[in-house]
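Hello,

Here is the structure you were expecting, with the sequence alongside. My notes on it follow below.

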Amino acid sequence: MKQRQAQAGAATRAVALLATLTLATLLAGCGREDDGHADHDEGKAKAVAGGHAEEGQDKEGRAEGGHEEGEGALKLSAEEAARAGIQVEEMRVQPLADTLIVTATIQPDQERLAHVGARVEGRITAVPARLGDLVKQGQTLARLDSVAVGEAHAALTQAQAELGIAEADLKRAQALVADEIIARKDFLRAQAERDKAAAARRAAADRLRLLGGSPAASDEAVSAFAVTAPFAGTIIERKATVGELATPSDALFSVADLARVWILADLPEAALAKVREGAQATVSVPAYPGESFKGRVAHIGAGVDKDSRTVAARIEVANADRRLKPGMFATARIEVAGDKREAIALPDAAIVLLEGQPTVFVFEHEAYEARQVEPGERLDGRTVLKSGVTAGEQVVTAGAYALKARKLKSQLGHGH
């Protein structure tokens, strides 16, 4: 009995000791957890504080390094701006005339256009001229062989021979009348025959020249003649083929002086009251995007097309470099009569796409700030702005793409 009580007491003491140890362990764990949370919070606070310090230091570093000041501005040194080709222009309000925009086509100047053909029927033997060639006045375009030219050459040869005989008879008559061997009427008759032969010779030479033949041609080429360019220009059409028979009714070549071209447009009937001959016009073509060509309205038609209710108009444009080609489609912007409006316009190259939005770079506070704008119509290489920039602000007009590249690079560096 006593032995069982002793064992029960030992078990009770063991349980109490185990409970005490468990409680101590739990209390120690809570203490370490609290210390861990405290350490974590302290580390986090230090990290945040350190992050702000580094961010401030980074911003300051960028400001001192000359690349970025603030979140949206780029700061460049004078040397960097010069290397990037950056140019700045102060925006000013400019008077802009109202314009009428019409579609048009380019045609050769009809006053400097020639359809060249053979003057007489003949067989084409050679075609040295090619489509698109620049030719000089009198340059041979094609050579032909013609029976009519051969006959004209033969008639000239006969007329020259008869003239020689008549001149010899006249000289003999002059000598005889001086010696009073023949009557004066015989001398006058010989003189008349000489004049008649000279006239026949001139007529034969003129006929040969009109047919295109040459009096100095050799026996092998007496029937040959050339089709030549009437003036300096460009061959815009060629129909001549070696071996074919050409007739005066067929045009073998079309030669045009493209130093000046016509822009043919149709004016709406409602706009006739505003458009005047002599009005300034600007022409653009899809082949040269971003470029424009100056011209003027040279003629406005006298009648209205009954179907389209439009009036034909002609705009003349200088084309010394031959860049405008006949047949091109064009857009003509014609200044119309009326009060001029005022707006801000800047070069087309000043506007770039940044994040899909039209953007310009404004220079202020010694930095370049990207600013979204709302562009309007384009006039002579400049774009009218509806909003985004005010008069007096400095806008980058050259080098905007270099600033765009720096802007994108800085955004990538920040993980944007």
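Over how many bridges do strand 4 and strand 13 pair, and in which sense? Strand 4 covers residues 99–108 and strand 13 covers residues 260–268; the two are joined by 5 bridges and run antiparallel. Within this pairing, alanine 104 of strand 4 faces alanine 265 of strand 13. Please keep in mind that the model is predicted.

Both strands belong to a barrel closed by 6 strands, which follow the order 4-13-16-15-14-17 with antiparallel pairing. From one strand to the next, the twist averages 40°.

On the aromatic side chains, there are 2 pairs. Tyrosine 288 and phenylalanine 293 meet edge-to-face, with 6.2 Å between the centres and 65° between the planes. Tyrosine 288 has a relative accessible area of 18% and is therefore buried. Phenylalanine 293 is at 10%, so this residue also counts as buried.

The other pair is phenylalanine 363 with tyrosine 368, which is tilted: the centres are 4.7 Å apart and the planes make an angle of 45°. Here phenylalanine 363 is partly exposed, because its relative accessible area is 26%, while tyrosine 368 is buried at 6%.

Two arginines sit over rings as well. The charged end of arginine 323 is placed over the ring of tyrosine 288, 4.1 Å from the centre. Arginine 112 lies over the face of phenylalanine 231, and the distance to the ring centre is 4.4 Å.

Regards

Methods. Residues numbered from 1 in each chain as written. Predicted model: local features only at pLDDT ≥ 70, side-chain atom pairs only at ≥ 80, totals over all residues. Heavy atoms only, no water. Pairing = 2+ DSSP bridges. Helix = DSSP H or I, 4+ residues; strand = E, 2+ residues; numbered from the N terminus. Axes fitted to C-alpha atoms, helices over the stretch in contact; angles between N-to-C directions. Phe/Tyr/Trp six-rings, centres within 6.5 Å; stacked < 30°, edge-to-face > 60°. Buried < 20%, exposed > 50% of the residue type's maximum accessible area, 1.4 Å probe, protein only. Lys NZ or Arg CZ within 6 Å of the ring centre and 35° of its normal.
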